[in-house]
Amino acid sequence: MRAVQISQLDGPASAQVVELDEPAGDDQVVIDIHAAGVAFPDVLQSRGLYQYKPDLPFVPGGEAAGVVRSAPPGAHVRAGDRVAVLTMLNGAMAQVISVPAERVFKLPDTVSFEAGAGLLFNDLTVLFALTTRGQLAQGASVLVHGAAGGIGTSTLRLAGALGASRVIAVVSTQEKAEVARAAGATDTVLAEGFREAVAELTGGRGVDLVLDPVGGDRFTDSLRSLAPGGKLLVVGFTGGDIPTVKVNRLLLNNIDVVGVGWGAWIMSHPGELERQWAVLEPLLASGKVAPPQPDLFDLDQAAEALAALENRTAAGKVVLRMRD
């Protein structure tokens with residue numbers, strides 16, 4: 001089979017397509033992969049900067065979609081099923097993978113392999129962020145940074161279906177504003193001067209939730225953009241710098257800074273993946289939430305796909321087509 005492999009920690013350019021042996025089943029679900037998601041942790045791992053450092057060489061990728069080749073007795077999927085799958089950390093960017101059955105999810109007929117490969121990490125993270133951690137209330141307002149990226153577009157697609165009445169997208173360019181509006185933003189503002197723009201849009205009140213996968217120097221203005229009792233949801237730091245909080249700011253308007261560690265949560269809460277999918281799947285199947293529209297690359301463009309995330313040129317979720 002063909003797979004993406006990283007054999008040295010030189011960044012996205014080190015990703016090469018190689019021939020590897022197919023995995024054995026060993027009481028796991030074996031899947032012929034048609035598309036694989038690309039995420040920011042993959043970029044960090046290519047430089048040895050992620051907290052989990054796999055031994056070299058390794059196959060990157062934590063999510064994919066394809067067709068079940070075989071499944072162990074008693075599994076909830078069987079040969080021929082269209083599925084999305086989580087490997088969690090590595091191994092998804094290969095044409096055949098094997099994973100435990102609890103990390104395999106039947107795809108609704110309305111969701112393509114390309115969309116299916118790009119929805120689990122982002123959509124389940126956002127679902128967890130907005131509901132479990134953010135306690136999103138009906139009619140609430142949400143501000144999302146990095147709104148044209150994978151997490152951002154997932155937030156724009158999901159927030160309204162989960163009860164938000166207004167979803168404000170923070171973007172760096174007018175081109176990315178168009179991506180955000182297509183994904184479901186009710187309003188768009190540029191990152192430069194976003195605090196003032198949000199204040200004007202909300203009549204000075206601010207927003208109930210800020211979802212921030214970027215971090216960096218916009219963090220303080222995000223706190224200042226919260227309405228009284230609001231929450232800032234910390235999802236990641238794609239901006240590079242990890243901000244600090246002057247906790248006196250939390251007292252002024254009774255606001256919260258809330259960590260969103262989806263991976264740590266599901267690893268410590270058995271059955272949580274199934275519970276989250278049981279919420280998300282009907283929204284996708286019914287059309288209440290549209291499937292993602294990923295930024296697609298061919299398998300031989302794996303290095304370019306990783307670089308698109310690092311350089312912030314990607315629009316939406318990045319996905320590799322694993323087969324012709």
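User: Domain bounds here come from an automatic or database domain assignment, so where does the second largest pocket lie relative to domain 1 and domain 2?

Analyst: In this predicted model, where local features need pLDDT of at least 70, side-chain atom pairs count only at pLDDT 80 or more, and totals for chains, interfaces and linings use all residues, numbering starts from 1 along each chain as its sequence is written. Side-chain values use heavy atoms, without hydrogens or water. The second largest pocket (an open set of 1 Å grid points where a 1.4 Å probe fits, with protein on both sides within 12 Å along at least five of seven lines) lies between the domains, because domain 1 (2-118 + 292-321) and domain 2 (122-263) both give residues to its lining.

User: Which residues are closest to its centre?

Analyst: Of the 17 lining residues, those with an atom within 4 Å of a point, Thr153, Arg157, Ala183, Pro292 and Gln293 are the closest to the centre. The largest share of the lining, four residues, comes from α4, and helices are DSSP runs of H or I with at least four residues, strands E runs of at least two.

User: Switching to the sheet, what is the strand order?

Analyst: Six strands make an open, parallel sheet, ordered β10-β9-β8-β11-β12-β13, where strands pair if DSSP finds at least two bridges between them. β10 (187-190) and β13 (256-259) are at the edges with a single partner strand each, so one side of each has no neighbour in the sheet.

User: How many bridges join β11 and β12?

Analyst: β11 (residues 207-212) and β12 (residues 226-234) pair in the parallel sense over five bridges, and Leu209 stands opposite Lys231 in β12.

Note on methods
Domains from an automatic or database assignment.
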